[in-house]
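Colleague: Before the discussion begins, please bring up the model. I should like to go through it by question and answer.

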Amino acid sequence: MEWISFFERQPENGQGIWYYGPHIGVWSGEYRYAPNDPVSHHIMLCHETFGVVDRMDAPWWMVDDGKMERPAKPESDYPKDYPNYE
């Protein structure tokens, strides 16, 4: 499996995913599209601990099919299409 930028494509609402952010690491969770959320429309609910992050905290994701071990982090902390990427 390959890491996908949240700014290129989003998972399906309710889909199980692995997600990564440079300040949080790699976690397993569920993607939720929340159009009425006042802070972010794209959030991840962690399956491993209580926690919620958005796509700015975790700009990478991949499908979690329930069979894969925790993946290694992506080669780059941020995708090239991350806002204000330098």
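Colleague: Is Thr-49 buried, partly exposed or exposed?

Modeller: The model is predicted, so local features need pLDDT of at least 70 and side-chain atom pairs count only at pLDDT 80 or more, while totals for chains, interfaces and linings use all residues. Residues are numbered from 1 along each chain as its sequence is written, and side-chain values use heavy atoms, with hydrogens and water left out. Buried means under 20% relative accessible area, exposed over 50%, and partly exposed in between (1.4 Å probe, protein chains only). Because its relative accessibility is 43%, Thr-49 counts as partly exposed.

Colleague: Where is Thr-49 found?

Modeller: Strands are DSSP runs of E with at least two residues, numbered from the N terminus. Two of them flank Thr-49, namely β4 (42-46) and β5 (52-54), and the residue is found in the loop between β4 and β5.

Colleague: In what order do the six strands form the open sheet?

Modeller: Two strands pair if DSSP finds at least two bridges between them. The edge strands, each pairing on one side only, are β1 (4-5) and β5. Two bridges join β1 to β6 (residues 60-63), with Trp-60 as the partner of Ser-5. The pairing in the sheet is antiparallel, and the order is β1-β6-β2-β3-β4-β5.

Colleague: Which elements give two or more residues to the largest nonpolar core?

Modeller: A nonpolar core is a set of buried Ala, Val, Leu, Ile, Met, Phe, Trp, Tyr and Cys residues joined through side-chain atoms within 4.5 Å. The largest has 12 residues, among them Phe-6, Tyr-31, Trp-61 and Tyr-82. The elements in question are β2 (16-21) and β4.

Colleague: Why does Tyr-82 count as buried?

Modeller: Tyr-82 touches Phe-7, Arg-55, Met-56 and Pro-59, not counting residues up to four places away in sequence; contact means heavy atoms within 4.5 Å. Tyr-82 counts as buried because its relative accessibility is 15%.

Colleague: How are the rings of Tyr-78 and Tyr-82 arranged: stacked, edge-to-face or tilted?

Modeller: Rings of Phe, Tyr and Trp (its six-membered ring) pair if their centres lie within 6.5 Å; planes under 30 degrees apart count as stacked, over 60 as edge-to-face and the rest as tilted. By this rule the count comes to five aromatic pairs. For Tyr-78 and Tyr-82, the centres are 4.7 Å apart and the planes 50° apart, an arrangement that is tilted.

Terms used:
Helix = DSSP H or I, 4+ residues; strand = E, 2+ residues; numbered from the N terminus.
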